Structure formats: structure tokens, C-alpha cells
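Biologist: Walk me through this one, please. I'd like to hear how each label is earned.

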Amino acid sequence: MTPGKRSRQAVLTTANGAPVEVRRSARRTRTVAAFWENGTAVVAIPARFTAAQESEWVHRMLEKLHRQGERRADKGRRQPATDAALAAHAAHLSAQYFGGRAVPTSVRWVSNQNSRWGSATPSEGTIRLSDKLRAMPQWVVDYVLLHELAHLLVAGHNAAFWKLLEAYPDTLRAKAFLEGVSFATSRGWAPGEPGRTGTPWLPPEPAAATGTPTRP
Ligand SMILES: [Zn+2]
């Protein structure tokens, strides 16, 4: 038995390892279709297709299905939470870390905020988050949200303010993360669009003479 001939359909999987079923249909005369059905990638082809045509079209349609899936995943990653979802999340964070004392009147994503990750107007109870945060990890977004929520309770950055944020375990890490992003951006090291794959940015080799000296 030539391997791959008889069992080809049985072992055929998508790039992600999902099973593939080739469905020949006499009713189908010209069109080829591919779709998901209960976790199986189904490729429907006309019954009259030759083995070579089948092979070519299955391959082509699986690639198409794969690209569709990636586009959807990309969209999902970039798909922002709505303002309503953001407000609900803020209420949840306020309850979890501030005993529900910070009660914003509105929490919104904004795209016109370039110098700040977030801002709050305590007199109005409003909070705005830069949509640049959308590409960042959730624990970073949560920090910015908690930071602005804390401003509804304490206006400035005094000891009482930072005391509030001590309750959140990722405060220092998130601050460092955002400082890193700002640092990189200020030097033009910003990566491409979120979700885009490409060569990761590599820092320049440090000059040998400028290392931090070890303690004697
Ligand atoms: Zn602040």
C-alpha cells in the first residue's frame, strides 16, 4: 500500500490539526466551498472532480479557511471592549480594590489622547482611556483604569493615592511596562500594528564600556 494514497483523507488535517472532510456532491457542478462543521473543516467539491482537482482545491480551500480564521482572530484581538463593557469592568475593579468607593459617571475609550494613557476629571466623575492601551495586556489596562479610578478619590499623586494602588498586585509591573513603552516610542522603536507578525525589534548591542560595574 502506498502510504498516503488510501489513508489520505483520514490523515488530512488543517494547519491547526482539525480534521478535514472532503464532500463530493453531484448537485455541485462548478463551485467549491469550505466551511466549519462541528470542528471539522468540510471542503465540498463537485462529484466530477478528478483526484488531481480534488487535491488542488482541497489545498486551496483549506488555506482560504485558515486565512479567514486568522482575520477573525485578528479582529477579535483588536476588537475593543465597548464603552459599556469598559464601564462595567471599571465598576468591577472599583468593587474589588477600592470597596466600590470610586464610582465614575462615565468611562470611555478615546483616540485623541496621545500624551497620556488615561485621564480622569474628578469633579465630573469621568474617566477616559487611550485606545492605544487596547493592544496591551489586560493587567496593564487594569492598572490604568485603577489609577484613574483612584483619582476620583484622591486628586493628586500623593502618598494616599499610591496607598490606594498598593491593593493592586500588578501596579509596579504595569508602571514599568508603560515606562518601557513610552521609552521605546520616544526613540522610534514602536512596533508595527498590533497583531501584525514580523521581525521582533532587537535592541542595539550595548557598548562594552558602558555596562553597570559589578560591585568590587
Ligand atoms: Zn495620575
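Modeller: Let's start with the term "nonpolar core": a set of buried Ala, Val, Leu, Ile, Met, Phe, Trp, Tyr and Cys residues joined through C-beta atoms within 7 Å. Buried means that 20 or more other C-beta atoms lie within 10 Å of a residue's own; exposed means 12 or fewer, partly exposed is in between, and C-beta atoms are placed from the backbone. By that rule the largest nonpolar core here has 22 residues, and Val144, Leu145, Leu146 and Leu149 have the most contacts inside it. This is a predicted model, where local features need pLDDT of at least 70, side-chain atom pairs count only at pLDDT 80 or more, and totals for chains, interfaces and linings use all residues. Residues are numbered from 1 along each chain as its sequence is written.

Biologist: Which element gives the most to this core?

Modeller: That's helix 4, with seven residues. Helix 3, strand 6, helix 4 and helix 5 each supply at least two. Apart from this core lies another, of eight residues, including Val20 and Ile45. In general, nonpolar side chains tend to be buried together in soluble globular proteins.

Biologist: What makes a stretch a helix or a strand?

Modeller: Both are DSSP runs, numbered from the N terminus: helices are H or I over at least four residues, strands are E over at least two. The protein has six of each, and along the sequence they read α-β-β-β-α-α-β-β-β-α-α-α.

Biologist: How do you know that the span of helix 4 agrees with its 14 residues?

Modeller: The expected span is 1.5 Å times one less than the number of residues. For helix 4 that should be 20 Å, and its end C-alpha atoms are 20 Å apart, so the two agree. Helix 6 (residues 171-186) has 16 residues and reaches 22 Å, close to the 22 Å expected.

Biologist: Why is helix 4 called mostly covered?

Modeller: Of its 14 residues, 11 are buried, among them Tyr143, Val144 and His147. Those buried residues pack against helix 3, strand 5, strand 6, helix 5 (159-165) and helix 6. Packing is judged by contacts: two residues are in contact if their C-beta atoms, placed from the backbone, lie within 7 Å. Valine 144, for one, touches Trp117, Gly118, Leu129 and Leu133, not counting residues up to four places away in sequence. Helix 6 is hardly covered, with one buried residue among its 16. Over the protein, buried residues make up 17% of the 216.

Biologist: Why is serine 123 called exposed?

Modeller: Serine 123 has 8 other C-beta atoms within 10 Å, so it is exposed. Its place is in the loop between strand 5 (118-121) and strand 6 (126-130).

Biologist: What makes strand 4 and strand 5 edge strands?

Modeller: Two strands pair if DSSP finds at least two bridges between them. Strands 4, 5 and 6 form an open sheet in the order 4-6-5, with mixed pairing. Strand 4 (106-110) and strand 5 each have a single partner strand, so one side of each is left without a neighbour in the sheet. The twist averages 15° from one strand to the next. Strand 4 and strand 6 pair in the parallel sense over five bridges, and valine 110 stands opposite serine 130 there. Helix 4 (residues 138-151) packs on the sheet, touching strand 5 and strand 6, and its direction makes about 20° with that of strand 5. Axes are lines fitted to C-alpha atoms, for helices over the stretch in contact, and angles run from 0 to 180 degrees between N-to-C directions.

Biologist: What is the order of the strands in the sheet that holds strands 1, 2 and 3?

Modeller: The order is 1-3-2, again an open sheet with mixed pairing. Strand 1 (20-25) and strand 2 (33-37) are its edges, pairing on one side only. Strand 2 and strand 3 (residues 40-46) are antiparallel over five bridges, and tryptophan 36 has alanine 41 as its bridge partner.

Biologist: Where does pLDDT stay under 50?

Modeller: pLDDT is the predictor's confidence in each residue, from 0 to 100. It stays under 50 over residues 1-9 and over residues 193-216. The mean for the protein is 79, and 75% of its residues reach 70 or more. Where pLDDT is low, the predicted coordinates should not be read in detail.
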